[in-house]
Amino acid sequence: MKQPEKSLNHLKENEAARTGSNDNAENINFLQQNLRKTGRILVNDLSEEEIEYICMKITPRKIRVYFQRHPQEFNKIRPGSRAASLSDDMTVMLVRKNITKDFITSFIIEQLDVWRLEIEKYQKMQEEKGESRSIALLETIFQSVFRENVGLFFKVTGEPCYKEYIALMEAALQLLNEKKKREEISIETLKSETEEGVKRGEITELKEKVKNLTAQKVKLEQEAETEKELYFKAQTSLSKLSERNSELESEVMLIKKQIEQEREKEERLQAELDKYRKLSKYCDEDTEEQREDYQHTSICQIFTDYNGKKCRRLADIEDRRINRFIKIEEEPPYFGNRDKLPLLDGPDTEKFVGIWNWSVIPNYKDSNRDYVNKMQYNSNLKYIEVVEFTECHSYEELLERLIDKNLSCISGSKVLFVYQMTENQVNGLLCGTRELEFCNGYVRLKKNVYILPQYTIDSGDVIEIAGKKIYRYLNMGIPQNILQVKSPLEVVKEIVVRRATSARLRQGGLSIKETQHCQAFLKELPEKTMYQEIIDAYECTEKEAEEYLSAFIKQADSYLSENDIDMETLGAAVERNAELVRRCKELLLEDWQKENSEKLLMAQEELEKVQRAAREERDNYITYKEQHTKVQEELKELQAETSKQEKLAQDVQEKIAARIALARKDASDFISEMAFAMPIDTKSKSAMSEGSSTSITYRKKKYHLGTEITDMDSFEEELTENLILSGYDERTALQMAQIIVFAICNNMPIVCGEHAERIADCISPMFGCDGTCMISLPIGEPRCKEICDFIGQEIKDVNRVFMVNGIFEGFSLSAFHEIRQRSEEWGNKAILIFPLNGVNIEMISSHVWNQTMFIDGDLGITDFGMDTLNAFHSSVDFALEYDIEVFRKKRKLLKQFYGLIDNMAILNYAKYLAVTDGTMETDEMIFIQVLLSAKSFGKKEDFLEKLSVVGLDVKSNRYIKKYL
């Protein structure tokens, strides 16, 4: 949800006033004083009592509504709670405790700014009426929300004052309050006594009282003027502080210099961060976890003894670290000291080295001995084999060795090819199955490998097992750098040459010789730029190479220019002889006309041809313009006739609706009358064929048109407001809006249990005032193609909401499948709603729940809906954004339901929970969705058993109970 822009600006100023180092605390205080001079209050200036006073004036109910509209921010300060269930004391306590959080600060400051503007407006109005500034200020305090807290009033308005002045104003307010009460009593008494005919003496006494009160008022004005003089004296003392200001300017300059240094440091860190982000794309990090249902994971080698094939335990893997296994000879070879394992799973090639998961249990005959009860070959875990080339001393030599020669005696699927860099460190290139190809016992680098990650490791992390050198860890992590196997120019050249085949060039119109020349030219193109060749020749920097090339170009340009002595002499001689210049021009003109005579003739003919065509087009334009004027007049007549027919059709429809309502009171009359009546359907203007029995109508309500919506948060808020206006409680309306937005973003239809029309009425005004298009499928007639063509025509220019009735009748999913497949073409321009219309929900296939989002329209209804809803024009980019780590956590939470519902359904539900940052316990809508998916598989009891294990009692929920 969005924050108001004005509150965010205040928030930034508060942050600027708060942040800074401890060494510059004095300077930060100075900046805070400057903020106070602008008339704005900082949250740091408020005491806990003042914060509590402000909350009670705002009212805890409004604060809870603010929390409900920002659930994600609220969960950060109060996880696991619902804002609607907070008490007043708890609401105020949360604000007071989290007043420094951006989420709370922006809300408080926005409300204070509203009050401050009201105060300024009222005080200005009093002064315009002729009241003095002191009286106007006193009346303003009396009418404001701060009449019980005068000190907070002056904090909010930003006017400096002393405690004595505040006490004086409180006393003046008390007198003013008593005065107003006495005036009211006097006026009431005066009225009553006037009606009864009071004596003039009593009236005189009342006037005397008024005179006394007026005197008190004058006295208060004098005291206020005195305080005003004190205020001006304080202003004078403040001017002396300007000297201190000049002293601080030098310190501010120092701070700016430090800020500049920090900015440079930030740029360096940002460059380093970008580098690591790039390197993280090539990170060697497997997500395969070790199996918890096995006791050990070991690297073993297959051998043969008198009992057949067995595995020799070489090393163990714990927390993705490889530890060499050493058998303790003094202890029995069982349990953790076992060095030989039976081969129960996996390859059986002699001397093959691999990774197995295995577990043992005590022997039932002798508990001191063990028995390998289960063993599994783990093909997902891969160790990293280290191959060292002693003749290599750089990455370039290492890469040349990999490209030029085939390698043998390598069996691992991940290999780190290294060379010795120092006594304790080696550098290497990591290759996997994507980079290597295995052929006839040899290994070589694939030709389409362009980039390899570089690593530096300690020699001590390389261990030797079964004649192989192995890296101590299963993963290498983020590489230190990236090595280009081939230059980008070389790669581009290979791609171009590979695509420029003879057949393709011949198709382009080239002859055989031209094709050969073209291919030869492409193959002979240099793979290095001029700068790279100069750098290789002179071993210089790129800047020096640029200077050499620029000098060469400058020298060549001097030979081609007219600035040399010979050309200047010849030009001067020609310019002095006018007759020679004229003769040269004539000769040049004659030669040019002779050489281009044919082209001039052709150009003249082409010009005449274009002129003739222009004349014809001008005549055609005049004719078409006359026809266009005539057609426009006919169009206006047709539009008038169409409007008349539409009005007639609407009148007929209203009369039929009135007759139906009347007929429902008397079923027999209704049946007898409708037996002779023909159904009337309002069809689209051109999409449906004549004689079609498919009914298409448009459902509209009264709308209040609002502004354009451009972001998804505003779309969700306004949709929630429409659902509340339709009679849903706030919590249910928010859940429904989140599901609807999720379905639109993922191009998923919405299945409605009940009150589908009410849901459609709330969604359709989010895209304008056209209403909902209601389509009824005829039973037993294949009309899906016509309907899909109609929907495609309707959404050409605008987004539309379509409610398709009868999609599940007859228990056939052919219509669902056809419309669902065509909806991929429409994207989120067509919002599809499929109502159940009384179909038993248990008859719906699980295939439907995997591709749709379900909404129970009867859930959370607390009132009748309003007649008028809010309508908008939306230009929203419906693209979901969510944290991939949050998605993985949500998917892990739903892992317990694997086997009960489809994997695709689990992915959709996890994505929804990641987007909304919700849980199944708090979101009843998504809980019902998962329950229906499990029921369609016949796994309801297993599903409930899973929930009981984690302590969820769903049977106590009255909404969910009806689905059990």
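**Close-up 1. Strand 14 and strand 15 form a hairpin.** Two residues lie between the strands of this predicted model. One residue in the turn, Ala466, has a positive phi of about 55 degrees. The pairing of strand 14 (residues 462-465) with strand 15 (residues 468-471) is antiparallel and spans four bridges. Look for Glu464: its bridge partner in strand 15 is Lys469.

**Close-up 2. Side chains alternate along strand 14.** Ile463 and Ile465 point to one face, and both are buried. Val462 and Glu464 point to the other face and are not buried. In a regular strand, side chains take turns between the two faces of the sheet. Glu464 thus appears in two views: here on the face that is not buried, and above as the bridge partner of Lys469.

**Close-up 3. The hairpin of strand 2 and strand 3 has two residues between its strands.** Strand 2 covers 308-318, and strand 3 covers 321-324. Four bridges pair them in the antiparallel sense. Glu318 has its bridge partner, Arg321, in strand 3. Asp319 and Arg320 belong to the loop that links the strands.

**Close-up 4. Asp319 and Arg320 both take positive phi values.** For Asp319, phi is near 55 degrees. For Arg320, phi is near 65 degrees. Neither residue is glycine. Asp319 sits in the loop between strand 2 and strand 3. Is Asp319 buried or exposed? Asp319 counts as exposed, because its relative accessibility is 74% and the cut-off for exposed is over 50%.

**Close-up 5. Three strands make an open sheet in the order 8-12-11.** Its pairing is antiparallel. Which strands are at the edges? Strand 8 (407-408) and strand 11 (436-439) are the edge strands, each pairing on one side only. Strand 12 (residues 442-445) runs antiparallel to strand 11, and four bridges join the two. Across this pair, Cys439 stands opposite Tyr442 of strand 12.

**Close-up 6. Lys609, Arg612, Arg615 and Arg618 form a positive surface patch.** One of these residues, Lys609, lies in helix 20, which spans residues 597-663. The relative accessible area of Lys609 is 52%. Lys609 is therefore exposed, as the cut-off is over 50%.

**Close-up 7. A nonpolar surface patch is made by Leu589, Trp592 and Leu600.** Together, these residues have about 300 Å² of accessible area. Leu589 is part of helix 19 (residues 578-595). With 46% relative accessibility, Leu589 counts as partly exposed.

**Close-up 8. Leu117 of helix 7 is shown with Thr157.** Helix 7 runs over residues 102-128 and contains Leu117. How far apart are the C-alpha atoms of Leu117 and Thr157? They are separated by 8.9 Å, while the two residues are 40 residues apart along the chain. Leu117 has a relative accessible area of 45%, so this residue is partly exposed.

Key: Residues numbered from 1 in each chain as written. Predicted model: local features only at pLDDT ≥ 70, side-chain atom pairs only at ≥ 80, totals over all residues. Heavy atoms only, no water. Pairing = 2+ DSSP bridges. Buried < 20%, exposed > 50% of the residue type's maximum accessible area, 1.4 Å probe, protein only. Patch = residues over 30% accessible without salt bridge, like charges linked within 9 Å, V, L, I, M, F, W, Y side chains within 5 Å. Areas by Shrake-Rupley, 256 points an atom, 1.4 Å probe, with all protein chains shown as cover. Salt bridge = Lys/Arg side-chain N within 4 Å of Asp/Glu carboxyl O. Lys, Arg positive; Asp, Glu negative; His and termini not counted. Charge placed at Lys NZ, Arg CZ, Asp CG, Glu CD.
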